[in-house]
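The following exercises ask you to work through strand pairing, burial and ligand contacts in one model, and each task is followed by a solution in steps. Please try each task against the coordinates before reading on.

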Amino acid sequence: MAKRDINTELGFSSKILSTDKNHPDVHGAMNTPIYRSAAFEFPDSKSIADAFQNKEAIASHTYSRITNPTVEALENKIKAVSGAKDVMMLSSGMAAISNTFMALSYAGSNIVTSPHLFGNTFAFFQYTLAEFGVEVRFVNTDNVAEIDAAIDENTCAFFCEVMTNPHLEIADLVAIKKILTKHHVPLVVDSTVIPWGGFDAGKWGVDIEVVSTTKYVSGGATSLGGAILDYGSFDWSHNKRLQKVASPAPYSAFMFKIKREIARNFGACMDPDSAYSQSMGMETLKVRYEAVSSSAFALATFLESQSKVAKVGYPKLESFPYKALSDQFFTGNPGAMLTFNLASREECFAFLDQLKLIRRATNLFDNRTLIIHPESTIYGSFTQEMKEVMGIDPTLIRLSVGLEEVEDLKADIEQALQAVQA
Ligand SMILES: *Cc1c(COP(=O)(O)O)cnc(C)c1O
């Protein structure tokens with residue numbers, strides 16, 4: 001396949017819309033077609049042997065669990081706009097997170113992170129990895145000294161979500177990066193809630209970025225997916241497990257381990273149908289993101305004016321405790337997710353039941369506006385004690401704003417609030 005030749009002067013959407021040009025299809029198809037084939041054939045034994053040993057000058061595809069042309073087309077789009085050195089797509093956001101930590105951690109190692117995490121990420125660290133001898137050390141990410149104190153020679157990563165869900169906390173990545181550099185610890189972030197274009201991970205010292213592409217990228221909740229992005233900025237000879245792989249190539253050892261071992265052995269590959277849907281999603285990502293972010297800000301402002309609403313969380317609001325960090329790290333209006341509190345859990349339930357346009361569903365960043373009461377759903381199976389550790393408030397509602405006209409959304413919220421007992 002031809003080498004990528006993206007004009008770095010192009011804008012975000014232009015880059016995405018032109019990556020396929022560098023990988024011409026045999027029939028001239030403008031969208032890389034869905035290569036729904038498990039295996040790929042070679043003309044002779046030498047070329048298939050070379051392909052298996054990665055000896056050919058231009059990488060070719062052998063088997064779709066390892067690489068696939070449609071999946072690669074999506075990876076190229078993400079690479080073009082993120083500036084990452086290497087990108088790998090997997091079957092879901094959790095596959096991206098679990099594969100990342102299966103490559104980084106080892107028995108006796110520890111991960112320093114906030115307890116305010118996406119529920120399955122929390123459970124993966126706290127329960128799954130714990131059984132393999134990996135320790136998770138929860139810290140308050142607002143307190144850099146606490147992060148500094150938690151790190152030791154077996155810390156394999158510091159991990160955080162760029163904005164936590166549903167608390168909407170933003171860690172000071174600049175201050176944290178300084179500590180991590182001192183200890184030679186990589187910065188691994190989940191930026192699902194603020195996609196490329198809104199958050200430039202490479203600029204803020206992120207070494208590894210993981211994203212659930214199920215959310216913004218899929219474009220209408222069409223498919224599951226996850227991305228691992230490596231910015232090529234970390235010297236992996238500092239990781240005890242990656243040391244050996246790192247000796248010939250210190251900055252690419254992580255992706256080498258992921259692509260040649262971890263992802264192949266776990267087999268959570270992205271299927272070409274999902275990759276196709278998500279390539280289409282990438283093409284409209286910027287316009288969708290701008291539209292939903294501007295509606296979210298308008299709705300947050302509207303909700304703040306409502307007497308039955310106790311509190312509203314949206315990073316652009318003056319009242320928001322992390323507004324300065326949001327303005328520093330995120331460009332434009334910061335995404336479609338907002339939260340608000342009513343007086344009680346019962347009031348939240350009554351409000352949700354009155355909604356006519358807004359849909360009661362989990363998931364984020366569908367084209368439709370989605371609403372959920374996190375404490376009784378996403379966090380419903382955790383004990384009260386765990387809910388407290390995870391900072392889950394029973395009066396909080398999470399809204400993920402979609403592409404409906406904002407006046408229609410306001411009207412729906414207004415009529416549902418009116419029906420709730422004051
Ligand atoms: C949804 C989500 C995930 C998990 O992604 P899946 O694609 O559902 O596996 C991880 N992190 C965050 C912040 C998410 O919102």
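**Exercise 1.** Determine which residue of β12 stands opposite F340, and then place the strand pair in its sheet.

*Solution.* In this predicted model, F340 faces I397 of β12 across the pairing. That contact belongs to a set of five bridges by which β9 and strand β12 (residues 396-400) are joined, and the two strands run antiparallel. On the other flank, β9 is joined to β8 by three bridges, again in the antiparallel sense, and within this pairing K311 has N341 of β9 as its bridge partner. Extending the pairing outward gives an open sheet of five strands in the order β8-β9-β12-β11-β10, with mixed pairing. The strands at the edges are β8 (311-313) and β10 (359-360), and since each has a single partner strand, one side of each is left without a neighbour in the sheet. A parallel contribution to the mixed pairing comes from β10 and strand β11 (residues 370-372), which pair over two bridges, with R360 opposite I371 of β11.

**Exercise 2.** Decide how many residues of strand β9 are buried, and say which residues lie on each of its sides.

*Solution.* The cut-off for a buried residue is under 20% relative accessible area. By that criterion five of the five residues of strand β9 (residues 337-341) are buried, so the strand is largely enclosed by the rest of the structure. The next step is to separate the faces, for which it helps to recall that in a regular strand the side chains alternate between the two faces of the sheet. In β9, M337, T339 and N341 lie on one side while L338 and F340 lie on the other, and both faces are covered.

**Exercise 3.** Find the order of the strands in the open sheet of seven strands, and describe the setting of β7 within it.

*Solution.* The order is β1-β7-β6-β5-β4-β2-β3, with mixed pairing. At the edges stand β1 and β3 (135-138), and because each has a single partner strand, one side of each is left without a neighbour in the sheet. From one strand to the next, the twist averages 20 degrees.

Turning to β7, its pairing with strand β1 (residues 86-90) is antiparallel and consists of five bridges; here L90 is opposite G226, and M88 has I228 as its bridge partner. Strand β6 (residues 208-212) also pairs with β7 in the antiparallel sense over five bridges, and I208 of this pairing is partnered by D230.

The last step concerns burial: five of the five residues of strand β7 (residues 226-230) are buried, so this strand is largely enclosed by the rest of the structure. G226, I228 and D230 point one way, whereas A227 and L229 point the other way.

**Exercise 4.** Establish which residues surround the ligand, and identify polar atoms that lie close enough to count as contacts.

*Solution.* The surrounding residues are S92, G93, M94, I97, F118, D190, T192, S212, T214, K215, G225 and L364. Sorted by class, this shell has four nonpolar, six polar and two charged residues. Helix α4 (residues 93-104) gives the most to the shell, with three residues.

For the contacts, the cut-off is a pair of N or O atoms within 3.5 Å. A backbone N or O atom of M94 lies 2.8 Å from an oxygen atom of the ligand, a polar side-chain atom of S212 lies 2.8 Å from an oxygen atom of the ligand, and a polar side-chain atom of D190 lies 2.6 Å from a nitrogen atom of the ligand. As for cover, the protein takes up 91% of the 380 Å² of accessible area that the ligand has on its own.

**Exercise 5.** Are F12 and T70 buried or exposed, and in which helices do they lie?

*Solution.* F12 belongs to helix α1 (residues 12-18), and its relative accessibility of 14% makes it count as buried. The C-alpha atoms of F12 and A80 are separated by 8.4 Å, although these residues are 68 residues apart along the chain.

T70 is found in helix α3 (residues 69-82) and is buried, with a relative accessible area of 1%. A polar atom of the T70 side chain lies 2.8 Å from the backbone nitrogen of Y35.

Conventions: Residues numbered from 1 in each chain as written. Predicted model: local features only at pLDDT ≥ 70, side-chain atom pairs only at ≥ 80, totals over all residues. Heavy atoms only, no water. Buried < 20%, exposed > 50% of the residue type's maximum accessible area, 1.4 Å probe, protein only. Helix = DSSP H or I, 4+ residues; strand = E, 2+ residues; numbered from the N terminus. Pairing = 2+ DSSP bridges. Near = heavy atom within 4 Å. Polar contact = N/O pair within 3.5 Å; in protein donor to acceptor, adjacent residues only side chain to side chain. Areas by Shrake-Rupley, 256 points an atom, 1.4 Å probe, with all protein chains shown as cover. Nonpolar A, V, L, I, M, F, W, Y, C, P; charged D, E, K, R; others polar. Axes fitted to C-alpha atoms, helices over the stretch in contact; angles between N-to-C directions.
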